[in-house]
Every structure is written in C-alpha cells, then in structure tokens.
Amino acid sequence: MNALRRIWEHFEESFIVFLLAAMTLVTFVYVILNNLYTLFYRLAESWEGASEPLFAMGDRVMTMAQAMTWSTSLTKALFGWLIFFGLSYGVRTAGHIGVDALVRLASKSVQKRIGIMACLCCLTYAGLLSVASFEWIQTLRIAGIGAEDLGHFGIMQWHIGLIVPLGFALVFIRFAEILVRILQNRQTGLGLADEAADVIKLTEHEDDK
C-alpha cells in the first residue's frame, strides 16, 4: 500500500511538472515564431543580395505562426488541468491557506471536533461537485462538441472538462484520508498552511543572519 502511495505521489508531482513544462514550451514557441518572421523581413530589406530567400523564410515562419492559433486554447486547457489536478496536491502538501487563528486558541479536543466538521463539509463539497460535474461531462460527451481551435485534432470539450470531476474526486480522497487521521488522533485539523508561522520562522532566520 505504501509503495502504491509513493508511486501515485511521484506521478502526481511529475504530471504537474509536465503540465507546467508543456504550457511554457507551447507559449515560448508561439511567441518566438510571432516575433521571428519580422526579423527576416528586416534583414531582407537591409540585405539586398539575399532579400528573396530571407523574404521566403519570413513568409514560412509567419505561416507557421498563423498555423499555431491552437496554442492559446491548448495553453488554457493545460492550465485548467493544472488547477483542478493541483487541488488534491495542495491538500496533500498543505498548500492551501488555513484560516484557523481562533480555532488554534481552543483545546485539542475542541480542535478535533472542529476539524471533523470541517473535513465533513469539505467531503460533502467535493463529492457534490464531482457528481454534478460528471453529469455535465456526460452531457458534453453525448453532444460531441469539439474543443475551440483543437477540434480538428480530435480533442473534444469533454476531454478537457474531464479533469473537473476527476480533480474533485481526488480532493474527496485526500480529505477522506485526513478524516481517518483525525479520528485516529494522528492529526488535529485539516493540516493547512500556516502563513503566520512561516513569517515568524522567516523573521527568526533573518535575525540569525
């Protein structure tokens, strides 16, 4: 079980890196192509001896840039996948900001009860959105609508939107794990990020210098 958990966590991190890298690479290539053909045109205007091949190269690069109109839609799709896939990763790594200053003033037993209630609320929210978005995806799949600027590649709207129910299902699993840890007294709250504590640690580190 622990081996499967480690494999999934490594896949989770690798997939997030892949999404970020793909977004960056596609945007980089598109921007370079959109600025490169003007360079060839300028060189052609100033270098009469090689104006024809330079103009031809500029036309070729401009055609390539115009053919990449799908890049914006692909980047938005990748960003959407990054957001919804990263939700559960944020829960696992305590990346979401915690608003629990008053809760921390209570006793451990009270904190545990509040943690259980908060966890149940999160489970309800994630479960409802996962089920509702799955029904939405089913409707899109039946409709067979192609994604904007990506439909000619065979990418449908439901392919992109599939991450919504999947992402909330993963969030549901993460909060279910947290609930089990709370009930087993291995954890008190939701394990969210404490920005105040981070600032104090950073200040102390700067003072030590």
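Q: Why is V17 called exposed?
A: This is a predicted model, so the call rests on a computed value: V17 has a relative accessible area of 53%. Exposed starts over 50%, so V17 makes the grade with its 53%. As for where it sits, V17 belongs to helix α1. Its C-alpha atom is 9.3 Å from that of L82, a residue 65 positions away along the chain.

Q: What makes F28 count as exposed?
A: The same cut-off does the work: F28 comes in at 51% relative accessible area, and exposed means over 50%. F28 lies in helix α1, which covers residues 2-46. F28 also joins L25, V29 and I32 in a nonpolar surface patch, and together the four have about 360 Å² of accessible area.

Q: How do you know that R5 and E177 form a salt bridge?
A: Look at the N to O distance between their side chains, which is 3.5 Å. The cut-off is 4 Å between a Lys or Arg nitrogen and an Asp or Glu carboxyl oxygen, so this Arg and Glu pair fits. R5 is in helix α1 and E177 in helix α6 (residues 163-183), so the bridge ties together parts 172 residues apart in sequence.

Q: Why are R5 and E177 called partly exposed?
A: That class runs between under 20% (buried) and over 50% (exposed). R5 has 35% relative accessibility, so it lands in that range. E177 has a relative accessible area of 22%, so it falls there too.

Q: What makes the contact between R92 and E12 a salt bridge?
A: The closest N and O atoms of R92 and E12 are 2.9 Å apart, so the pair is within the 4 Å limit. R92 sits in helix α3 (residues 70-92) and E12 in helix α1, 80 residues apart, and the pair links these distant parts of the chain.

Q: Is E12 buried or exposed, and how do you know?
A: E12 is buried: its relative accessible area is 0%, and buried means under 20%. Its partner R92 has 25% relative accessibility, so R92 counts as partly exposed.

Q: How do you know that E177 and R174 form a salt bridge?
A: Their side chains meet at 3.3 Å, N to O, so the pair satisfies the 4 Å cut-off. Both are in helix α6, 3 residues apart, which puts about one helical turn between them. R174 has a relative accessible area of 6%, so R174 is called buried, under the 20% cut-off.

Q: How many salt bridges does the structure hold, and which residues make up the network?
A: The structure holds 6 salt bridges. The network links R5, E9, E12, E13, R92, R174 and E177.

Q: How do you know that the length of α6 agrees with what a helix should span?
A: At 1.5 Å a residue, the 21 residues of α6 should span 30 Å, and its end C-alpha atoms are 30 Å apart, so the two agree.

Q: Which parts do the buried residues of α6 pack against?
A: They pack against α1, α3, α4 (108-143) and α5 (157-161). Among the buried residues of α6 are F168, L170, V171, F175 and I178. After α6 comes N185, which has a positive phi, near 60 degrees.

Technical notes
Residues are numbered from 1 along each chain as its sequence is written. This is a predicted model: local features need pLDDT of at least 70, side-chain atom pairs count only at pLDDT 80 or more; totals for chains, interfaces and linings use all residues. Side-chain values use heavy atoms; hydrogens and water are left out. Patches are made of residues with over 30% relative accessible area and no salt bridge: like charges are joined within 9 Å, nonpolar side chains (Val, Leu, Ile, Met, Phe, Trp, Tyr) within 5 Å. Accessible areas come from the Shrake-Rupley method with a 1.4 Å probe; for residues, only the protein chains shown count as cover. Helices (H or I, at least four residues) and strands (E, at least two) are DSSP runs, numbered from the N terminus. Buried means under 20% relative accessible area, exposed over 50%, partly exposed in between (1.4 Å probe, protein chains only). The expected span of a helix is 1.5 Å times one less than its number of residues. Contact means heavy atoms within 4.5 Å.
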